[in-house]
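Student: I have a structure to read and do not know where to begin. Could you take me through some of its features?

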Amino acid sequence: MHLKIVQAGDPVLRHAARPLGAAEIDSAEIQQLIELMRETMHDAPGVGLAAPQIGLPLQLAVIEDVAENETSERSPVPFHVIINPRLTLGAEAVELFEGCLSVDGFQAVVSRARTVTVEAFDHRGTPIKIEARGWYARILQHEIDHLHGTLYIDRMRPRTFSTARNAARYTAGVPIAELLAKLDPVRAPSS
Ligand code: ZN
């Protein structure tokens, strides 16, 4: 069984989600919700899913990245849950394409911090501290944005916005810096 993923335009994606209380985290309802979100993320498939994306304004997200094509910036992340997360960004930024299950079929270049620290509770309500870099850091930033009513389209380089199909067709393998230079609006010569 899986849950319906809401799409951009649904107000639940645009409001801050509420934190969960300790007793609530331990409840059968939340444990069942986590399991359903896990299945929904697998089916999509996606590397993260935040509760607002299934219509619930709660500060909870599930994350898992099997990372079949492992690189220096992307390695497998086992399934885990973040609840009531607090995010601290590293100074260095990286620009890469990203997409969202709630903006289905599109992607765009988004600047994100290369490293982050996240303090949160896990699925049992135990405090955890995550130090992440590369793609994992990007997933965390994307999911935590969802808990504050922010979508990647708020942060994207608008001129890189593309269908996933066209991105595969026209921009696969093109270095992001080169792509951004090509997409720069033509400026009239100053006089
Ligand atoms: Zn998303």
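Student: In which strand does E98 lie?

Tutor: This is a predicted model. E98 belongs to strand 4, which covers residues 93-98.

Student: Does E98 count as buried or exposed, and why?

Tutor: Buried means under 20% relative accessible area. E98 has a relative accessibility of 5%, so E98 counts as buried.

Student: Which side chains make polar contacts with the side chain of E98?

Tutor: One of them is the side chain of R112, at 2.7 Å. Another is the side chain of H142, in a polar contact of 2.8 Å. Leaving aside residues up to four places away in sequence, E98 also touches others, including Q107, A108 and Y152.

Student: Which residues coordinate the zinc ion?

Tutor: A metal site is read from its donor atoms. Here they are SG of C100, NE2 of H142 and NE2 of H146, at 2.0 to 2.3 Å. The spacing of the donor residues in sequence is C-x41-H-x3-H. C100 is in the loop between strand 4 and strand 5, while H146 is in helix 3, so this pair ties together parts 46 residues apart in sequence. C100 and H146 are both buried.

Student: What is the order of the strands in the open sheet?

Tutor: The three strands run in the order 4-5-8, with antiparallel pairing. Strand 4 and strand 8 are at the edges with a single partner strand each, so one side of each has no neighbour in the sheet.

Student: Which helix packs on the sheet?

Tutor: Helix 5, residues 176-183, touches strand 4 and strand 5. The direction of helix 5 makes about 75° with that of strand 4.

Notes:
Residues numbered from 1 in each chain as written. Predicted model: local features only at pLDDT ≥ 70, side-chain atom pairs only at ≥ 80, totals over all residues. Heavy atoms only, no water. Helix = DSSP H or I, 4+ residues; strand = E, 2+ residues; numbered from the N terminus. Buried < 20%, exposed > 50% of the residue type's maximum accessible area, 1.4 Å probe, protein only. Polar contact = N/O pair within 3.5 Å; in protein donor to acceptor, adjacent residues only side chain to side chain. Contact = heavy atoms within 4.5 Å. Donors = N, O, S within 2.8 Å, 3.2 Å for Na, K, Ca; no water. Pairing = 2+ DSSP bridges. Axes fitted to C-alpha atoms, helices over the stretch in contact; angles between N-to-C directions.
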